[in-house]
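Please look over the sequence and the model before reading the notes that follow. They are grouped by topic and written for a reader who is new to this structure.

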Amino acid sequence: MNHYPLWKNLLIVFVIAVCTLYALPNLFGENPAVQISAGYARDTKMDENVKDKALAKLKAANIDYIQVELDENQLLIRFADTEVQLKAYSLLKDDMGKDFVVAQNLAPATPSWLAALGAKPMYLGLDLRGGVHFLMEVDMDEAIKQDEELLIDELKLVFREKKLYNQGLQRSRNQGIKVLFREATYRDKAKQLLATDYQDLKVVEYGSAEEYGLQFSFTDSSLTQRRRDALQQNITTLRNRVNELGVAEPVIQQQGDERIIVQLPGIQDTARAKEILGATASLEFRLTEGDYQNWMDAENNGTKPRGSKLYHRRDGSPVLLKNSVIVSGDQITNATSGFDQNSGSPATHVTLNGKGGKRMLKTTTKNVGKPMAVVFIEYQMETKVINGQTIKSTKKKEEVVNIATIQEPFANNFQITGLGAKEATNLALILRAGALKAPMEIVEERTIGPSLGKENIAQGQLSIIIGFLIVMVFMVLRYKVFGMAANIALLMNVVILIALLSLLQATLTLPGMAGIVLTLGMAVDANVLIFERIREEMANNSSPQASIFAGYEKAFGTIADANITTLIAAVMLLSFGTGPIKGFAVTLSLGIITSMFTAILVSRAIINLVYGNKSKVKLAI
């Protein structure tokens, strides 16, 4: 009556053996390491020459390492402690950082034979591993302003092609865009055009009897969608930038309508992380416009020509540029840092998308022999407290970094010079990761050191061990042999749970540890129901074997109901929760599933092994 078929016993043994194998990597910890890679979209190859060069630098500086790993993507050098790691990082960054991306990392110390089987340790969250936490707020007003400016540039071309003569489009603060036409017929045609091709605009007429004006702005639904798009584009851009930093299992998620949470576990170069994440650099390419002195004279005489704007070079000298933008940063698909072949100076090599390439080719074909400027744009958010009120403002910094004469037509590929080496590298990283749709301000920053993370791990492990031991002692005292079977099943439950977390590469946090402790209690709860049912059957004078069979069979429905209702709650937490709540929900959900397997199948297999072959037996329960 109480025998599993051979295939079921073999299945249980197989599951436990495989899960034990995949849980093992979590016992080996991590090594401080320096990671050297060619970076995204770079032509530099990772080979033995790179390895020999890096190791020679370390040897010359008397820096010892414990292991070196080289593959086609990166070179990983492991060290004994973080102090040695920091020295090696500083050395290699200075000597190799021009051609490679050098980053600090915490590499799993999993043995090679385990790694070959695909076994990896689970990721540790920010509260366990240490790292940096940012809460970033997006400037939505600036995002809408940029959309309006792009719309103005687009409509200028459309009105010019349609010969709808006007006095220029002007952006009016909080009132959208205004434009005056020379005749009523032009205004009416423009209104019809906007109603047909720009349905996300609300358009109204304005002006006196002799003024033929239109005022238009984005509809409420369009504004909502544009704000949502700006937030999502910023999140995507941040993910791309974090990938460049080489951070494992980062947390980048939306909070509310205007804020983004960024958590970078294990990162040690927090200054560079802050610099790269918060950078809002972009580029604009514009043609130059006339002589500055003539422009100043015209302005003083009240005859300043339209279509031009004053900028400054980095040395402070003024330069006039046309208002129309040839190509902007959002049309850049790739950027790499390198050196100009002619001058040997640092340069950023840029690749445009199809639309940007066509526009650049059209412009450069018409303007061979004329100078074109590269404008570097950076947004800086400032928060000031004035008369007890917090006032936020965005400062737009624009400077001309390069002016070069167009020697011949070009399209998708070209280079930008006039930058420093570090500046060229950072600009390339920011551009290829994508431009932020709107500037962001870091409104909250927390750094958690590795020592605090180790303390959290130690405290969490201690709580799990103490809880586990107390439960084991209680079960043995209360249910004797059956209690010991439940304890073995409970241990297997923890092993299987850790294996699943590792296979899924889930992130373990402190709330996740709390979920494991709760899982221990719930797993044992199922065995308590089974054992009490067996006692009831024995009290009704059932035979020992019949009592065991009835206990497992009749308690199954109750156990399933209890676990399903808890699983529903866990899934809701996983669906609607954020951050720590999700960490708790993940471990709880997996724990419910594993506890059903161990409490019912594994514990019964052990009981069958002890009592299943005996016709006359006294149950120790």
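## Briefing on the predicted model

Arg286 has a relative accessible area of 7% and therefore counts as buried, since the limit for that class is under 20%. The structure described here is a predicted model, and the points below take up its salt bridges, its paired strands, two surface patches and two residues with a positive phi.

**Salt bridges**

- Arg286 is joined by a salt bridge to Glu284, and the closest N and O atoms of this pair are 2.7 Å apart; Glu284, with a relative accessible area of 13%, is buried, and Arg286, at 7%, is buried too.
- Glu532 and Arg478 form another salt bridge, in which the closest N and O atoms are 3.4 Å apart. This pair links distant parts of the chain, because Glu532 belongs to helix α14 (residues 510-539) and Arg478 to helix α13 (residues 450-503), and the two residues are 54 residues apart.
- Glu532 has a relative accessible area of 25% and is partly exposed, while Arg478 is likewise classed as partly exposed, at 37% relative accessibility.
- Arg187, Asp188, Lys191 and Glu205 are joined into one network by salt bridges that share partners.
- A count of the salt bridges in the model comes to 17, and one of them is formed by Arg171 and Glu148, whose closest N and O atoms are 2.6 Å apart. Arg171 lies in strand β7 (residues 166-172) and Glu148 in helix α6 (residues 140-161), so this salt bridge ties together parts that are 23 residues apart in sequence.
- Within that pair, Arg171 counts as partly exposed at 32% relative accessibility, whereas Glu148, at 10%, counts as buried.
- As general background, side chains of opposite charge can pair when their charged atoms come close.

**Paired strands and hairpins**

- Strand β10 (residues 212-218) pairs with strand β8 (residues 176-181) in the antiparallel sense, over five bridges, and in this pairing Phe181 stands opposite Tyr212 of β10.
- Strand β10 also pairs with strand β9 (residues 201-206), again in the antiparallel sense, over six bridges, and here Lys202 has Ser217 in β10 as its bridge partner.
- Strands β9 and β10 form a hairpin with five residues between them, and Gly207, which is in the turn, has a positive phi of about 115°.
- Further along the chain, strand β14 (residues 308-312) and strand β15 (residues 318-322) pair in the antiparallel sense over five bridges, with Ser308 standing opposite Lys322 in β15.
- The strands β14 and β15 form a hairpin with five residues between them, in which Gly316 takes a positive phi near 95°.

**Surface patches**

- Which residues form the positive surface patch? They are Lys355, Arg359, Lys362 and Lys366, and of these Lys355 has its place in helix α11 (residues 354-366).
- Lys355 has a relative accessible area of 65%, and it is therefore classed as exposed, a class that begins over 50%.
- A nonpolar surface patch of about 510 Å² is made by Ile564, Ile568, Val571, Met572 and Phe576, and among them Ile568 is found in helix α15 (residues 544-576).

**Residues with a positive phi that are not glycine**

- Lys480 is not a glycine, yet it has a positive phi of about 55°; it is found in helix α13, and at 47% relative accessibility it counts as partly exposed.
- Asn541, which is not a glycine either, has a positive phi of about 65°, and its place is in the loop between α14 and α15.
- Is Asn541 buried or exposed? At 73% relative accessibility, Asn541 counts as exposed.

Key. Residues numbered from 1 in each chain as written. Predicted model: local features only at pLDDT ≥ 70, side-chain atom pairs only at ≥ 80, totals over all residues. Heavy atoms only, no water. Pairing = 2+ DSSP bridges. Helix = DSSP H or I, 4+ residues; strand = E, 2+ residues; numbered from the N terminus. Patch = residues over 30% accessible without salt bridge, like charges linked within 9 Å, V, L, I, M, F, W, Y side chains within 5 Å. Areas by Shrake-Rupley, 256 points an atom, 1.4 Å probe, with all protein chains shown as cover. Salt bridge = Lys/Arg side-chain N within 4 Å of Asp/Glu carboxyl O. Lys, Arg positive; Asp, Glu negative; His and termini not counted. Charge placed at Lys NZ, Arg CZ, Asp CG, Glu CD. Buried < 20%, exposed > 50% of the residue type's maximum accessible area, 1.4 Å probe, protein only.
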